[in-house]
Amino acid sequence: QKEGSHSPNDNPSQSQSQQSQPQPSDNHTEEDAAAAVIAAERSAARIERMGYDVGYRLCERLAQHRPLLGPGSPSPETNAESSPSPAAALAGNTAADASPAGNPPIVMGGGHHHTTMDAKTQLEAVKFLCKEFWTEVFRKQIDKLQTNHRGVFVLKDQELKWLKRLPPDEESARVGAIRILAFPCGLIRGALGCLGLNGAVVSCDFLADGRSMASCSFNIKVK
Amino acid sequence: MSSKSQAAQAGQALWAKMPKANAELFALTYGSLVTELVRDYEDPIEVNAQLDRIGHSIGVRCVDEFLSKADVAGMGLTTQCQNLRDTAEVVAKMGFKMFLGIQAEVGAFSQDQRCFSIYLQDNPLSTFVELPEDDPSGGEDLRRLKYSNLYCGVIRGALEQVNLKVDCNIVRDTLKGDELNEIRVELKEVLADGAGDDYKEE
């Protein structure tokens with residue numbers, strides 16, 4: 001199984017050293033805190049793997065009763081065009097609501113076969129994820145979905161139930177959140193895999209601010 | 001006996017007020033946890049021990065929640081359990097009901113009243129689960145896995161917090177072909193009030 005890369009927080013140790021003053025007792029807590037983050041990321045990778053399994057199976061069950069997605073359902077085709085990426089990028093810049101025939105298929109998936117799924121169907125899949133799938137798991141829908149129609153999606157949840165009990169203190173909350181958010185990342189990756197979008201890279205951001213500790217976003221990059 | 005139906009009714013009331021989660025998500029998540037443990041430890045006996053350990057820390061938290069919710073609802077449980085039989089009823093009819101929504105039965109009390117069994121007809125943890133067939137290359141091993149051993153840890157952890165030290169074992173398992181699930185609980189000792197235990201790090 002391919003594991004999606006997990007990058008909840010860029011350079012956690014850097015941000016910490018900027019915040020704390022250089023004092024002997026503080027160095028100790030800096031190291032401890034950095035070690036805690038590293039340990040959290042390691043366990044997060046496992047949790048993400050578990051989430052993948054669960055997400056895949058859950059999505060399978062949920063999608064059973066649904067009609068096939070979109071007009072351009074995934075079909076195995078060898079991609080005759082030599083350089084699809086610039087073409088796809090150009091097409092993406094034009095109005096994405098053009099007819100499906102106007103959008104060249106976006107190649108994704110592993111190297112062993114070329115499965116193509118057009119942007120509209122991708123969007124349908126992600127919307128299914130945001131609505132039905134998310135509701136099954138979290139009893140609410142994703143609050144905000146953004147996409148650039150070129151395989152990048154940002155899913156924002158402003159009130160993720162699992163994060164609600166985090167302590168208001170920033171650092172320990174961040175460490176806890178890394179572990180907790182790994183599971184939904186895996187869920188998303190698994191669900192997408194089940195729907196035909198293999199090889200997606202899912203990362204997450206913990207968007208806690210003073211108001212809400214439970215706010216987070218998930219970034220999906222489909223190749 | 002009136003205490004029996006009281007417990008059942010109270011259990012129903014507690015369950016009604018609990019926030020609910022998707023049962024399939026629950027079963028699948030537990031399944032991937034067990035898979036992960038099997039992958040790590042390989043030896044099913046070790047996996048059983050880990051599940052018991054995890055269950056223990058869950059049980060410790062469950063009992064807190066249970067006691068606070070039962071109290072608030074005016075059920076005044078802390079004064080009601082006079083003996084192990086009452087405790088057994090509460091665990092089965094209220095505890096299992098409240099957290100899992102299932103009706104568990106108690107029975108098979110031993111002569112000295114220190115052992116009892118909890119029977120579960122349905123096991124929410126084992127939805128979709130099949131243990132692998134006997135297999136000469138070592139699949140036989142997984143038959144020694146106690147898939148739902150988490151329950152044993154939960155009961156052990158919960159009762160420990162109310163000063164009852166117990167041993168729990170799964171003696172019958174629908175995953176292994178039995179017609180119901182049976183957990184045997186044996187009282188080892190009644191602990192003196194240990195204030196020091198509160199400060200012990202997990």
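A polar contact, as I use the term today, is a pair of N or O atoms within 3.5 Å; within protein, one of the two must be able to donate a hydrogen and the other to accept it. The model I am showing is a predicted one. With that definition, six residue pairs are in polar contact between chain B and chain A, counting pairs with both residues at pLDDT 80 or more.

Let me stay with that interface. Chain B brings 12 residues to the contact, and chain A brings 12 residues as well. On the chain B side, the residues that touch chain A are five charged, four nonpolar and three polar.

How much area do chain B and chain A bury between them? The figure is about 1,300 Å², and 56% of it lies on carbon and sulfur atoms. Within the share that chain B buries against chain A, 38% comes from B:Leu25, B:Leu28 and B:Glu36, and no other three residues supply more.

B:Glu36 comes up again when we turn to charge. It forms a salt bridge with A:Arg49, where the closest N and O atoms are 2.5 Å apart. In total, the rule finds four salt bridges across the interface of chain B and chain A.

Next, chain B taken alone. It has 202 residues, and 44% of them count as buried. Its secondary structure consists of five helices and four strands. Reading from the N terminus, the order is α-α-α-α-β-β-α-β-β. So much for the order; now the contacts inside the chain. Taking the contacts in chain B with a separation of 6 or more, 62% are between residues 24 or more positions apart.

Last, the cysteines. How many disulfides does the structure hold over all chains? The number is zero. Two cysteines in chain A are worth a look here. Why is A:Cys185 not bonded to A:Cys204? The sulfur of A:Cys204 is the closest cysteine sulfur to that of A:Cys185, but the distance is 3.6 Å, and a disulfide needs the two sulfur atoms within 2.5 Å, so the pair is too far apart for a bond. A:Cys185 is also buried, at 0% relative accessibility.

The other one is A:Cys194, which is in no disulfide either; its nearest cysteine sulfur belongs to A:Cys59, 4.1 Å away. Is A:Cys194 buried, partly exposed or exposed? With a relative accessible area of 22%, A:Cys194 is partly exposed, because buried means under 20%.

That is the end of my part.

Conventions:
Residues numbered from 1 in each chain as written. Chains lettered and ligands numbered in written order. Predicted model: local features only at pLDDT ≥ 70, side-chain atom pairs only at ≥ 80, totals over all residues. Heavy atoms only, no water. Buried < 20%, exposed > 50% of the residue type's maximum accessible area, 1.4 Å probe, protein only. Contact = heavy atoms within 4.5 Å. Buried area = accessible area lost by both parts, 1.4 Å probe. Salt bridge = Lys/Arg side-chain N within 4 Å of Asp/Glu carboxyl O. Polar contact = N/O pair within 3.5 Å; in protein donor to acceptor, adjacent residues only side chain to side chain. Nonpolar A, V, L, I, M, F, W, Y, C, P; charged D, E, K, R; others polar. Helix = DSSP H or I, 4+ residues; strand = E, 2+ residues; numbered from the N terminus.
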